[in-house]
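Me: Please take a close look at one part of this model. Start with the lining of the second largest cavity, then set it in its surroundings.

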Protein chains: 4
Amino acid sequence: MAFQVDVNCDLGESYGSFKVGNDAEIMPCVTSVNIACGFHAGDPLTIAHTIALAKKHRVAVGAHPGYPDLMGFGRREMQITYEEAKSYIIYQVGALQGFAKVFGITLQHVKPHGAMYNKALKNEELAEAIAEAILELNSNLIVFAPPKSVMAKRATKAGLRVAYEFFADRAYNPDGSLVPRKMAGSVIEKPGEVVERTLKAITEGVVEAVNGEIVELGTIHTICVHSDTPTAPKIAQALRSGLIKAGIEVKSVGQFI
Amino acid sequence: MAFQVDVNCDLGESYGSFKVGNDAEIMPCVTSVNIACGFHAGDPLTIAHTIALAKKHRVAVGAHPGYPDLMGFGRREMQITYEEAKSYIIYQVGALQGFAKVFGITLQHVKPHGAMYNKALKNEELAEAIAEAILELNSNLIVFAPPKSVMAKRATKAGLRVAYEFFADRAYNPDGSLVPRKMAGSVIEKPGEVVERTLKAITEGVVEAVNGEIVELGTIHTICVHSDTPTAPKIAQALRSGLIKAGIEVKSVGQFI
Amino acid sequence: MAFQVDVNCDLGESYGSFKVGNDAEIMPCVTSVNIACGFHAGDPLTIAHTIALAKKHRVAVGAHPGYPDLMGFGRREMQITYEEAKSYIIYQVGALQGFAKVFGITLQHVKPHGAMYNKALKNEELAEAIAEAILELNSNLIVFAPPKSVMAKRATKAGLRVAYEFFADRAYNPDGSLVPRKMAGSVIEKPGEVVERTLKAITEGVVEAVNGEIVELGTIHTICVHSDTPTAPKIAQALRSGLIKAGIEVKSVGQFI
Amino acid sequence: MAFQVDVNCDLGESYGSFKVGNDAEIMPCVTSVNIACGFHAGDPLTIAHTIALAKKHRVAVGAHPGYPDLMGFGRREMQITYEEAKSYIIYQVGALQGFAKVFGITLQHVKPHGAMYNKALKNEELAEAIAEAILELNSNLIVFAPPKSVMAKRATKAGLRVAYEFFADRAYNPDGSLVPRKMAGSVIEKPGEVVERTLKAITEGVVEAVNGEIVELGTIHTICVHSDTPTAPKIAQALRSGLIKAGIEVKSVGQFI
């Protein structure tokens with residue numbers, strides 16, 4: 001049987017008149033989108049337009065909730081309590097579900113954003129708050145998280161489906177974490193290299209870390225491409241064609257997980 | 001058959017550490033609450049706590065969406081487009097529906113807040129945006145609006161149920177509008193007078209305007225009491241007992257409309 | 001004696017990670033910049049970077065305060081009181097003065113933004129609130145406003161210097177107001193036409209309205225170019241060279257008013 | 001010579017219609033106020049009203065800048081960079097200086113708020129960013145910080161005057177830090193005990209920690225009383241009279257440091 005994989009991207013990251021990203025160009029190249037929910041980016045009108053665009057391209061829609069930090073784009077760690085985290089997820093994913101209903105689509109997944117995503121990889125309390133919120137809101141939602149992360153384990157334990165995520169355009173540390181953005185070489189910009197690493201991750205379940213060590217990933221369900229580089233549409237396009245050319249079925253994760 | 005009426009109040013108007021209102025005291029006296037949704041007041045944790053409190057007291061829950069103006073508490077007119085208005089309602093009511101799901105309750109109604117409420121009484125475009133948003137989101141939701149208002153007509157036309165609202169503690173103009181808050185005598189503070197006016201509105205469908213003229217209201221389904229005066233709990237309590245004493249059934253509007 | 005004129009542009013309109021505009025390209029082409037102050041756009045770090053850039057290019061710096069409406073970019077009319085307006089100006093211009101002090105420059109002017117600018121053209125109360133705030137904060141600040149506007153009159157009456165402004169890239173109505181952006185033909189995109197109209201405004205004090213009528217402007221001190229079109233740097237560059245070629249001295253308004 | 005001491009309190013912590021605190025009651029009991037600057041609390045109108053009230057009571061005014069976290073009241077740690085911190089201080093203190101100018105008073109001091117204050121007690125980078133911002137903005141401003149804190153050392157090193165602060169109504173750990181609010185016994189509520197501890201801190205430079213150990217404080221210049229408890233006005237009043245009765249001169253720190 002052929003390998004199946006989803007390609008996801010964070011879109012809908014504009015805020016009012018602050019237009020950022022290349023949503024129109026990237027949307028046709030991916031199979032799932034993570035839509036900002038208004039806390040770190042995304043306003044109601046942007047959410048509506050992004051869902052309409054996703055629907056047009058038959059791309060599956062997920063919520064991309066973050067910290068309430070518009071000025072910092074949700075990339076700064078904030079110390080919030082379990083109760084705060086849980087309520088922030090319910091609020092943001094609930095709002096997205098409202099738009100999904102209006103547009104006649106089904107919300108497929110939740111992927112926390114930025115600093116919240118990073119903290120939930122290792123922090124039991126935050127990962128549990130996120131998993132509980134999703135479970136109580138809608139137990140059909142799939143959680144996006146790296147394999148072996150605390151977030152993945154907590155979501156699985158809560159009875160939620162988890163899509164294991166691979167970062168196509170990011171360098172890895174030997175422990176499976178990403179090389180921080182501010183480090184040289186953290187972002188992989190050559191489309192060819194992005195495709196090659198991704199194929200290896202999907203078919204062999206491994207990635208080569210920055211020091212040359214092989215990191216065991218296990219099964220990968222979804223490939224993340226970033227939208228905030230000028231070459232993003234090119235990379236997304238190259239990745240999709242490269243995967244298809246290699247005989248891999250590219251489709252929304254909700255169809256095969 | 002006895003008259004039936006709902007008593008509603010805006011609660012959950014705190015924001016983070018900014019604690020305002022007397023929610024715990026007022027909640028047991030009302031049958032429906034309008035919960036702020038995070039734009040003009042209310043943060044996710046406050047929403048969660050307010051719904052939990054409502055559930056405990058078996059009070060029906062509605063969404064109370066407003067303009068995105070926390071600094072002005074949603075009381076300042078903002079010129080927003082049809083598309084913006086529609087998306088703001090979907091976002092805020094969607095978020096509330098998320099919490100309703102988590103707490104195992106059903107969202108009963110939507111009542112726009114402050115300047116948005118006031119504008120929708122007369123403005124066709126805004127009233128239509130609100131009605132369309134609610135219809136597409138959840139056609140079971142009841143809309144709270146004064147009888148004969150543009151909002152009430154638009155909601156009815158859209159096929160939504162409308163609960164006609166009477167303001168128990170506010171003076172009326174001869175045209176059925178409220179005397180603005182900044183005018184002397186706009187707020188009725190004596191519990192006895194509040195009860196008396198309310199009984200007349202329910203049983204006879206009329207209210208006496210500030211100039212002595214009689215305003216025809218028609219059927220009244222829900223009585224609004226305000227939460228932002230120190231005497232609010234006392235008024236709410238007096239109103240509830242007064243209504244019951246007069247043989248009127250006081251219950252959530254979703255049970256009889 | 002040669003004509004003297006200032007060329008101004010709204011810059012520093014990014015917000016955190018939401019990067020918008022072409023500040024680096026436009027800065028060398030203008031003599032004054034209006035820097036967003038954090039209410040409708042602009043965050044503290046963006047303000048700092050924009051002032052540093054202006055200082056490097058010896059461009060005069062002004063504050064560009066707006067309504068507290070980040071989601072609407074300050075372009076939506078909000079009904080605020082005299083006291084609110086006055087305090088919003090003091091707050092925003094005060095913050096800019098703080099940065100001016102830190103960077104060792106002098107704040108030259110204040111130009112209200114968007115819907116606040118538009119309303120102050122006609123509204124006595126708002127214009128007075130703005131003028132009073134500026135007067136009490138720093139009576140050396142120059143106010144940017146169109147000739148004959150209520151804002152210009154109020155600022156003059158308060159004893160403030162006013163720089164009369166001409167919009168180089170916008171079509172005019174016969175009454176001297178701008179054709180709204182949403183109307184076809186409201187924005188003049190051909191650099192040649194922009195330069196020609198500007199020269200006429202400076203040397204003859206007139207502009208041709210959309211219906212062919214001649215609008216008397218009087219003396220013009222500063223020319224506004226917009227930063228939010230892709231061709232903005234090209235227009236700013238063409239305007240500056242065109243003015244210099246025509247023998248007009250292009251310099252910051254604070255040097256000659 | 002008699003001991004001299006300042007009594008400070010955080011006031012102006014309302015936000016728009018969200019009215020919190022007992023400003024009118026506490027103002028007459030203190031000699032310095034720390035006014036919220038709009039990031040964690042405080043809006044422009046509240047700032048104006050609070051400065052007017054302080055001026056009326058001849059109370060010295062300081063800026064109380066915090067993290068950009070209105071929802072969390074600036075009490076949640078946020079990881080911001082040196083550049084961000086510096087620009088946030090310039091922005092907030094600059095805005096306050098604008099109001100000080102308008103009201104004809106001199107800004108006396110800066111006291112960072114909440115999580116920013118707590119982090120700056122130990123974090124060299126943040127303390128340096130705060131000290132540099134204040135130094136470049138206005139080197140006459142006094143910095144409020146606990147004796148021996150990193151913040152105090154950095155400010156002194158930068159050439160700024162530092163007022164050493166004692167927390168009258170909070171329990172101390174043996175290392176001189178405060179017992180966190182969520183711990184039992186962290187807040188001292190009996191006015192008599194508050195006065196007694198304060199007298200000892202002023203005259204002997206020591207405080208007894210929760211475990212009975214004596215903590216050496218050194219010279220104390222200013223006593224902080226909190227405004228967010230119902231008994232705050234009573235404590236502030238008791239403290240002021242207790243100090244005066246004991247022969248201590250109570251006056252704004254700018255007058256004697």
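Reply: The lining of the second largest cavity divides into three nonpolar, three polar and five charged residues. The classes are simple: Ala, Val, Leu, Ile, Met, Phe, Trp, Tyr, Cys and Pro count as nonpolar, Asp, Glu, Lys and Arg as charged, and the others, Gly among them, as polar. This is a predicted model, where local features need pLDDT of at least 70, side-chain atom pairs count only at pLDDT 80 or more, and totals for chains, interfaces and linings use all residues. Residues are numbered from 1 along each chain as its sequence is written, chains are lettered from A and ligands numbered from 1 in the order in which they are written, and side-chain values use heavy atoms, with hydrogens and water left out.

Now the names. The charged part of this lining is Asp169(D), Arg170(D), Arg181(D), Glu189(D) and Asp228(D). The polar part is His226(D), Thr229(D) and Thr231(D). Val187(D), Ile188(D) and Ile235(D) make up the nonpolar part. A cavity here is a set of points on a 1 Å grid over the protein atoms alone where a 1.4 Å probe fits but cannot get out, and lining residues have an atom within 4 Å of a point. The volume of the second largest cavity is about 70 Å³. Volume means the space filled by probe spheres set on the points, with grid points joined across faces, edges and corners.

Next, the surroundings. The structure has four cavities of 30 Å³ or more. The largest has a volume of about 1,200 Å³. Its lining runs to 43 residues. Nearest its centre lie Tyr15(A), Leu70(A), Leu70(B), Leu70(C) and Leu70(D). By class, the lining of the largest cavity has 28 nonpolar, eight polar and seven charged residues.

Chain D also meets chain C. Here 20 residues of chain C are in contact with 20 of chain D, contact being heavy atoms within 4.5 Å. About 1,900 Å² is buried between chain C and chain D, and carbon and sulfur atoms give 74% of that. Buried area is the accessible area (1.4 Å probe) that two parts lose on being put together, summed over both. Zero salt bridges cross this interface; the rule asks for a side-chain nitrogen of Lys or Arg within 4 Å of a carboxyl oxygen of Asp or Glu. Eight residue pairs are in polar contact between chain C and chain D (both at pLDDT 80 or more). That term means N or O atoms within 3.5 Å; within protein, one must be able to donate a hydrogen and the other to accept it, and residues adjacent in sequence count only if both atoms are side-chain atoms.

On chain C, α2 (44-56), α3 (82-102) and α5 (124-137) each give two or more residues to the side that touches chain D. Helices are DSSP runs of H or I, at least four residues, and strands are runs of E, at least two, numbered from the N terminus. The largest share, twelve residues, comes from α3(C). That side of chain C holds twelve nonpolar, four polar and four charged residues.

Salt bridges do occur elsewhere. The count over all chains is 36. One joins the side chains of Glu77(A) and Lys119(A), at 2.9 Å, N to O. Glu77(A) sits in the loop between β3 (60-64) and α3 (82-102) of chain A, and Lys119(A) in helix α4 (residues 114-120), so the pair links parts 42 residues apart.

Notes. 1 Å grid on protein atoms, 1.4 Å probe; cavity = no way out; pocket = protein on both sides within 12 Å on 5 of 7 lines; lining within 4 Å.
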